[in-house]
Amino acid sequence: HGHYTEFAPGMALAFTWQWDHYPVVKNVVVTFEPLNEDSTRVTLTHSPYGDLEQDHKDREGHREGWIYFLSQLQDLIV
């Protein structure tokens, strides 16, 4: 669960994100940059992460999840 912290249509979306069983609140920022008439660069930042082993595992799991779901989105719009 979380809360939206920014909504700029066509430019950016930001929100907090937290599992019910996990005390750390993450921030997710997604920006959209038009490249040409048919293309947009989507940049996603998910943070913060520390230097503990669990932080590295969490980061890798989140990275894999975002890659999977963003590829699913790309398949829908191509």
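A polar contact, as I use the term today, is a pair of N or O atoms within 3.5 Å; within protein, one must be able to donate a hydrogen and the other to accept it. Keep that in mind for Gln18. The side chain of Gln18 reaches the backbone oxygen of Tyr22 at 3.0 Å. Remember, too, that this is a predicted model.

Let me step back to the whole chain. What does the protein chain contain? One helix and four strands. From the N terminus on, the order is β-β-β-β-α. The C-alpha atoms fill a box of roughly 45 × 25 × 20 Å along the principal axes. The chain has 78 residues, and 17% of them count as buried. Take the contacts between residues at least 6 apart in sequence: 10% of these join residues at least 24 apart.

Now the surface. The chain exposes about 6400 Å². Carbon and sulfur atoms supply 58% of that. On charge, there are 5 positive and 12 negative side chains. The centres of the two sets lie 6 Å apart.

Next, helix 1. This is residues 53-77, so 25 residues. How far should helix 1 span? At 1.5 Å a residue, the expected value is 36 Å. The end C-alpha atoms are 37 Å apart, which agrees. Which residues of helix 1 are buried? Asp55, Asp58 and His62. The buried residues of the helix pack against strand 2 (12-17), strand 3 (26-36) and strand 4 (39-47).

Stay in helix 1 for Leu73. Its relative accessibility is 44%, so Leu73 counts as partly exposed, between the 20% and 50% limits. Val42 is 31 residues away from Leu73 along the chain. Their C-alpha atoms are separated by 11 Å.

Between strand 4 and helix 1 there is a loop, and Pro48 is found there. Look at the bond before that proline. Ser47 and Pro48 are joined by a cis peptide bond, with omega about 0°.

Back to Gln18, in the loop between strand 2 and strand 3. Is Gln18 buried or exposed? Buried, because its relative accessibility is 18%, and the cut-off is under 20%. I gave you Tyr22 at the start. The Gln18 side chain also reaches the backbone oxygen of Pro23, at 3.2 Å. Leave out residues up to four places away in sequence, and Gln18 touches His1, Pro23, Val24 and Val25. So Pro23 appears twice: as a polar partner of the Gln18 side chain, and among the residues that Gln18 touches.

How values were computed:
Residues numbered from 1 in each chain as written. Predicted model: local features only at pLDDT ≥ 70, side-chain atom pairs only at ≥ 80, totals over all residues. Heavy atoms only, no water. Helix = DSSP H or I, 4+ residues; strand = E, 2+ residues; numbered from the N terminus. Expected span 1.5 Å × (residues − 1). Buried < 20%, exposed > 50% of the residue type's maximum accessible area, 1.4 Å probe, protein only. Contact = heavy atoms within 4.5 Å. Areas by Shrake-Rupley, 256 points an atom, 1.4 Å probe, with all protein chains shown as cover. Lys, Arg positive; Asp, Glu negative; His and termini not counted. Charge placed at Lys NZ, Arg CZ, Asp CG, Glu CD.
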